[in-house]
Amino acid sequence: MEQYVGIYFILFVSFATLSFFIIFYKHKTLFSNPNLPPGKTGLPFIGGTIQFLSCGRQGHPEKFIIDRVAEFSSEIFKTSINCDPIAVFCGPTGNKFLFSNENKLVNACWPSHFNKIFPSSHETSIKDESKKMRELLPKFFKPESLQRYVGVMDTIAQKHFESHWENKDEIVVYPPAKWYTFWLACKVFMSIDDPQYIVKFLESFNILGAGLFSIPIDMPGTTFNCGIKASKYIRTDLLKIIKQRKIDLAEGKALPDQDILSHMMLTCTEDGQYMKELDIADKILGLLVGGYDTASISCTFMVKYLAELPDIYERVYKEQMEIAKCKAPGELLNWEDLQKMKYSWNVACEVLRLVPPLQGTFREVINDFIFNGFFIPKGWKLYWSVHTTHKHPKYFPEPEKFDPSRFEGVGPAPYTYAPFGGGPRMCPGKEYARLEILVFMHNLVKRFKWEKLVPDEKTVVDPMPRPVLGLPIRLYPHNTT
C-alpha cells in the first residue's frame, strides 16, 4: 500500500509542476511587462471563467463586461478565461480596431476540442478554412442570388404554420422556430424537403450543438462524446448526399446553381482546387449549425417582444397586411415585398440589439501591438462582445427599452451595432437571416395575435440566449376574433 501512496504522490507532484509551468508560460507576460491593460486575472486555471459563464446562465451576460468596464476601463481590460490571458476590447473604438485588423494583428480562434467535431479542420488551419468559406459564400449569399429563394422560404413558412401552429390554442415557440429555420436551411443549402428526413437530421444536430458547447470530456455517455458521435452520423449522411449530387450533376438531374451544395462542389478556390468531399460535408455541417440556431433565437424573441408590446405589434400587423392584401390568392412573397417591410425589419433589428444570438467572439493575437497605450502581447486571446455597445446608454439611450425607431434614418452610430460582427469576418449570412426572419414574421402576424403564458419567464445564455421554458404562448387566430 505504501508503494502506491508514493507513486500517487509522485504523479501528483509531477502534474502540479507541469500545470504550474503551463500556466506560467501562458501568463508570463503578466509578470514581464508592466504596461498591460488594467484588470484582474483571478486564480490560476479558474480566472474569470466562472463569473463569465454564470452571468450568462443568470440571464445577464452583459454584467461580466459592465462590471469590469466600471472598475477598470471603458475601452479595454484584462481577465483570464479558460486558462488563457484575455484582453477584452470595448466600445466602438475597440470594435473598429478589431474589425480593421483581422488577419493583420489578430486571427479567429476556436477551442481546440472543436476539431473532434469538425475533424477536417485538422488538415488546414482555421485561417485557411475561413478564407475558403469567405471565397465561396458571398457569391451565394449576395442579395441578387438570394432573391430567387424568397418564394421557397414563403412556401416552407406556410407549410410550417399549417402543421405546427394552426388549430392549436397554445404552443411553445422555441422548438417549432428551430424546426422552421432548420427546414429552411436544408432546403436552401441542399434542396432537401422531406419532413421525416429533416426530423431525424434535426435530432442529431441538437445533440451535436450541445456537444460543441459542453465540457470537452470524451468519455462514453458525456455530452461531448454524444456530440462527436452525432457529428459522425451527420457527416456520413452528408457524404451520401454529396456523392449522389455528383451523379445528378453529371446526368443533368441537378443544376449547378440550384443550392449552396452544388455551388461548393463546382466552385474552385483561388489556387484552382476543388474542395474535397469531407471538407464540403464539414462546411455544410457548420452552415447548418450556424444557420438555423441563431435565426430561430431571433424569431423566438421577436414573438416575445410582440406579445409584450401591443402597439408595436399593431404597426407590424398593419405593414404586413398591406403587403398581404396586394397579393393574389396563392401568390407567394417576392423580393419587392420584403423591401417594403421596413418597420418590421426595424423591430427585428431591435430584437437583435437586445438579444443578440452571438454574445461575442474570441481572437488570437498574431503580432504584438499597442492599443490605447497598452501593450498586447502575441499569443494572448482577445474577446469582443456586442454588449459593450448594445446596452450602453451612451450609444443607445434607455438601453433596456424596446425602441425600433433607433434604426430609422441613418440608424446607430458606426461600430455600435454589430449583431453580425464586422470587418472581414462579418457574418456572410446576414442577408439570408434577414429574409428568413421577415418571412417568418409575415406568416405569423397575418395569422395570429398571441399572449405569453408565463409573464416573467427567465432568459438564460448558455451559450446562446433562450427562454428557459421555450416561450409558451396562447394563440388567437385572426379569423375567429
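Which residue lies over the face of Trp335, and at what distance from the ring centre? Arg434 takes this position, 5.8 Å from the centre of the ring. The model discussed here is a predicted one.

## Overall content

The protein has 481 residues, and 51% of them count as buried. Its secondary structure comprises 18 helices and 12 strands. Taking contacts between residues at least 6 apart in sequence, 71% join residues at least 24 apart.

## The five-stranded sheet

Five strands form an open sheet in the order β1-β2-β8-β5-β3, and the pairing is mixed. The edges are held by β1 (76–81) and β3 (106–108); each has a single partner strand, so one side of each is left without a neighbour in the sheet. On average, neighbouring strands of this sheet are turned by 35° against each other, direction ignored.

At the β1 edge, the pairing with β2 (residues 84–89) is antiparallel and runs over six bridges. Within this pairing, Lys78 has Ala87 in β2 as its bridge partner. Helix α3 (residues 62–71) lies across β1, β2 and β8 (381–385), and its direction is at about 130° to β1.

## The three-stranded sheet

A second open sheet has three strands in the order β4-β12-β9, with antiparallel pairing. Here β4 (170–172) and β9 (448–452) stand at the edges; each has a single partner strand, so one side of each lacks a neighbour in the sheet. The average turn between neighbouring strands of this sheet is 35°, direction ignored.

Three bridges join β4 to β12 (residues 472–477) in the antiparallel sense. In this pair of strands, Glu170 stands opposite Arg474 of β12.

## His478, after β12

The segment that follows β12 contains His478. Its side chain reaches the backbone oxygen of Val445 at 2.8 Å. With neighbours within four places in sequence left aside, His478 is in contact with Tyr313, Tyr317, Val445, Lys446, Arg447, Phe448 and Lys449. One of these contact residues, Val445, thus also supplies the backbone oxygen for the side chain of His478.

## Aromatic pairs and charges over rings

The whole structure holds 25 aromatic pairs. In one of them, Phe141 and Phe189 have ring centres 6.1 Å apart and planes at 75°; planes over 60 degrees apart count as edge-to-face, so this pair is edge-to-face. Phe141 belongs to helix α6 (residues 126–141) and Phe189 to helix α9 (residues 174–190), so the pair ties together parts 48 residues apart in sequence. Both Phe141 and Phe189 are buried.

Ring pairs also link Phe161, Trp165, Tyr180, Phe440 and Phe448 into a cluster. Phe448, a member of this cluster, is among the residues in contact with His478.

Besides Arg434 over Trp335, there is a charge over the ring of Tyr305: Lys304 lies over its face, at 4.1 Å from the ring centre.

## The loop between α17 and α18

Which two residues of this loop deserve a look at their backbone? Most residues other than glycine have a negative phi. Glu398 departs from this pattern, with a positive phi near 50°, and Tyr415 does too, with a phi near 70°.

Glu398 is placed in the loop between α17 (387–390) and α18 (430–445), and Tyr415 is found in the loop between α17 and α18 as well. Their accessibility is as follows. Glu398 has 56% relative accessibility, over the 50% cut-off, so it counts as exposed. Tyr415 has 34%, which falls between 20% and 50%, so it counts as partly exposed.

## Lys342 at the start of α16

Helix α16 (residues 342–354) includes Lys342. With a relative accessible area of 59%, Lys342 is exposed. A polar atom of its side chain lies 3.1 Å from the backbone oxygen of Gln339.

Lys342 and Glu408 are 66 residues apart along the chain, and their C-alpha atoms are separated by 9.0 Å.

Notes: Residues numbered from 1 in each chain as written. Predicted model: local features only at pLDDT ≥ 70, side-chain atom pairs only at ≥ 80, totals over all residues. Heavy atoms only, no water. Helix = DSSP H or I, 4+ residues; strand = E, 2+ residues; numbered from the N terminus. Buried < 20%, exposed > 50% of the residue type's maximum accessible area, 1.4 Å probe, protein only. Pairing = 2+ DSSP bridges. Axes fitted to C-alpha atoms, helices over the stretch in contact; angles between N-to-C directions. Phe/Tyr/Trp six-rings, centres within 6.5 Å; stacked < 30°, edge-to-face > 60°. Lys NZ or Arg CZ within 6 Å of the ring centre and 35° of its normal. Polar contact = N/O pair within 3.5 Å; in protein donor to acceptor, adjacent residues only side chain to side chain. Contact = heavy atoms within 4.5 Å.
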